Structure formats: C-alpha cells, structure tokens
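Reader: I am new to this structure and should be grateful for a close look at a single part of it. Please describe how the helices at the start of the chain are arranged, and then what lies around them.

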Amino acid sequence: MAERISTMITQEQIQARVKELGLEIAAEYKDRPLVLVCVLKGSFIFAADLARAIDLPLRVEFLGVRSYGEGTESSGVVQITQDLSKPIAGEDVLFVEDIVDTGLTIAHLMDLFRTRQPRSVKVCSLLHKPARARVAVKVDYLGFTIEDKFVIGYGLDFAERYRNLPFIGVVERD
Ligand code: IMP
C-alpha cells in the first residue's frame, strides 16, 4: 500500500499562528512568570516554537505521559513516565499540548495537577478535534480546530514516524 502525505496546515500558517498565540499569552499573564509544561512527546516542537514567541520570564518543564488505549484511541488512563523537575505550588502553569482529541489525557492531567496547588492551570493546544471529544475540556489557547482526521507532523507521529515534518499533514493510503 503506497503512502502519500497531503498537507492540512502549512509551515507558514503554523508559524503565524504560534506568533499570535505567544502574544496573546504574554498579554494575559502580563509580567508574571510562567511554567510551560511540554507534554511529551507530541508537543516538543510546538513547545519549542511557542516558548520563543512568549515574552515572559519562563520556566520550561517536560512531562512524560503514556496513554493506554486501543490503537489510536486514548483510554484516559494516563501514566506519568517522567514527572516535573520541581514543584508547581503557587505557580502559573500552562500545559502545552499537540492535540486535544478525545480530551481524556488533558482532563486527567488537569485533575492531577490541581492537587499540586498551582496558582492557575491553563491549556494551550496546537490542534483540537471537537468531533472526537469524550469529555468537555476548555482549551484556553488554541491554534487550529481540525476535522476528524489522523494528523501527523510538527511533533505528531504515526507509529513514531513523521514527527520531523515541518507541517501538519494527513497520511493518505491508496
Ligand atoms: P486524547 O487523550 O484523545 O485527547 O489524545 C491525546 C494524545 O493522543 C495527543 O496528545 C496525541 O499524542 C495523540 N493523538 C490524538 N490524535 C492524534 C492524531 O490525529 N495524530 C497523532 N497523534 C494523535
């Protein structure tokens, strides 16, 4: 079966939107320091670009998560495989996600992190697929709403491939 990649969101569109998100976030937090939590692995490229677009004193943390599910479906049972390097009590925390699909992963992380008593917790996601939502999740800063297609590139993978594509694409099989 031949694989073809079609472009859904171009590199230029992503870069322009990331700049806008950075400005919006910096304006909202004013000069307060922010803890950017990059949810691994899918958001590593988005988080790297977003961090450079936010003109605030920043601390960057990485959170390793594994979601148990069938194939491409998330189950909502999320295991932390790598935790933050420091506590977040009293801090403003912003989760950086690649995509909110069923919403189960981020809903679970929000519940878990609220028990750590941060000053605030918000979510910034590059993509959102509302057609697949299984729980209501408030995405405070959103790059793009997309239709129900499995996407790859700009950090997102299919079986660990395609993370290095500079755009968001769809794998077409013919
Ligand atoms: P959720 O728990 O269903 O919202 O999904 C969370 C995770 O599933 C995302 O952070 C991605 O890593 C992965 N995921 C969901 N949809 C896609 C997709 O279309 N392409 C690649 N990964 C996806």
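Author: What follows treats one pair of helices and then the loops beside them. The model is predicted, so that local features need pLDDT of at least 70 and side-chain atom pairs count only at pLDDT 80 or more, while totals for chains, interfaces and linings use all residues. Residues are numbered from 1 along each chain as its sequence is written, and side-chain values use heavy atoms, with hydrogens and water left out.

Helix α1 covers residues 11-29 and helix α2 residues 44-53; helices (H or I, at least four residues) and strands (E, at least two) are DSSP runs, numbered from the N terminus. The two helices pack at an angle of about 50°, and their axes are 8 Å apart. Axes are lines fitted to C-alpha atoms, for helices over the stretch in contact, and angles run from 0 to 180 degrees between N-to-C directions. The angle makes α1 oblique to α2, a term for what is left once angles under 35 degrees count as roughly parallel, over 145 as roughly antiparallel and 65 to 115 as roughly perpendicular.

On the side of α1, the contact (heavy atoms within 4.5 Å) is made by Q15, V18, K19, L21, G22, L23 and I25. On the side of α2, F46, D49, L50 and A53 take part.

Two backbone features belong to the loops. Most residues other than glycine have a negative phi, and most peptide bonds are trans. K30, in the loop between α1 and β2, has a positive phi of about 50° although it is not a glycine. K41 is placed in the loop between β2 (34-40) and α2, and the peptide bond from L40 to K41 is cis, with omega near 0°.
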